[in-house]
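Colleague: Could you take me through one part of this structure in close detail? I'd like to follow a single residue and its surroundings.

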Amino acid sequence: MQLTSQSFQDGQAIPGEFAFAVPDAGAHVALSSNRNPQLAWSGVPEGTQSFVVVCHDPDVPSRGDDVNQEGREVPATLPRVDFFHWLLLDIPAGTTQIAAGAQSNAVTPRGKPGPAAPAGLRHGINDYTGWFAGDEAMKGDYYGYDGPCPPWNDTLVHRYIFTVYALGTPSLAVEGALTGANVLNALASAPVLGKASLTGLYSLNPGVVVG
């Protein structure tokens with residue numbers, strides 16, 4: 001299988017319109033249009049009955065001590081963990097692309113509703129749910145796509161890995177909530193006939209060169 005995007009090139013920067021936030025000279029960051037990027041896939045294996053799309057950032061700081069703190073930096077050497085930005089399930093077998101902005105077209109305080117998604121698909125819960133848990137204005141269940149918003153003082157460029165999985169079943173059976181960990185556990189035992197990935201880069205640190 002092959003996964004491509006008209007929104008960004010593999011290994012290159014993701015434009016700000018597809019991010020949760022963009023750099024701001026005064027406040028460090030400002031909310032962006034938060035549109036999901038366009039994705040298209042080809043070379044679908046015979047017998048495919050549905051697709052799952054997962055986007056995760058493997059470069060999130062494992063500790064928050066220095067995150068977004070004035071006069072401090074998040075060192076590139078800090079151990080990193082996964083942060084899930086998008087889980088889209090039960091994409092019909094006849095589908096070969098997702099249009100830009102079709103599943104997300106703005107930042108939604110307290111999160112987009114779910115798990116029902118446009119066109120009968122299912123949204124999973126992304127990790128902004130945990131990130132905003134202590135914020136009275138923003139806390140809630142964040143379903144669907146919410147784009148990049150790495151720490152504005154991180155010295156590491158973050159990678160956003162989009163992966164499409166071709167399944168031999170019409171739906172992915174997930175135990176528990178539709179979180180990234182639970183979806184990956186379900187995929188590990190599901191009949192995955194093929195997969196393909198695409199990586200975009202993003203940073204909110206004006207001192208970091210992306211791509």
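Modeller: Happy to. This is a predicted model, and a salt-bridge pair makes a friendly way in. At 47% relative accessibility, Arg-63 counts as partly exposed, and its side chain meets that of Asp-65 in a salt bridge, 3.5 Å from N to O. Asp-65 is partly exposed too, at 46%.

Now to the part I'd pick for the close look: Val-52, which lies in strand S6, residues 50-61. With a relative accessibility of 1%, Val-52 counts as buried, because the cut-off for buried is under 20%. Setting aside neighbours within four places in sequence, Val-52 is in contact with Leu-88, Leu-89, Thr-163, Val-164, Tyr-165, Leu-167, Leu-172 and Leu-187. Take Leu-187 from that list: 135 residues separate it from Val-52 in sequence, yet their C-alpha atoms are 9.0 Å apart in space.

How does this fit with the nonpolar cores? The largest has 27 residues, and Trp-41, Val-53, Trp-86 and Phe-162 have the most contacts inside it. Strands S5, S6, S7, S11 and S12 each supply at least two of its residues, with the largest share, four residues, coming from S11. Val-52 itself belongs to a second, separate core of 14 residues, which also includes Val-54, Leu-89 and Val-183.

One more pair involves strand S7: Asp-90 there forms a salt bridge with Arg-122 of strand S10, 32 residues apart. Asp-90 is buried, with a relative accessible area of 15%, whereas Arg-122 is partly exposed at 21%.

Terms used: Residues are numbered from 1 along each chain as its sequence is written. This is a predicted model: local features need pLDDT of at least 70, side-chain atom pairs count only at pLDDT 80 or more; totals for chains, interfaces and linings use all residues. Side-chain values use heavy atoms; hydrogens and water are left out. Buried means under 20% relative accessible area, exposed over 50%, partly exposed in between (1.4 Å probe, protein chains only). Contact means heavy atoms within 4.5 Å. A nonpolar core is a set of buried Ala, Val, Leu, Ile, Met, Phe, Trp, Tyr and Cys residues joined through side-chain atoms within 4.5 Å. A salt bridge is a side-chain nitrogen of Lys or Arg within 4 Å of a carboxyl oxygen of Asp or Glu.
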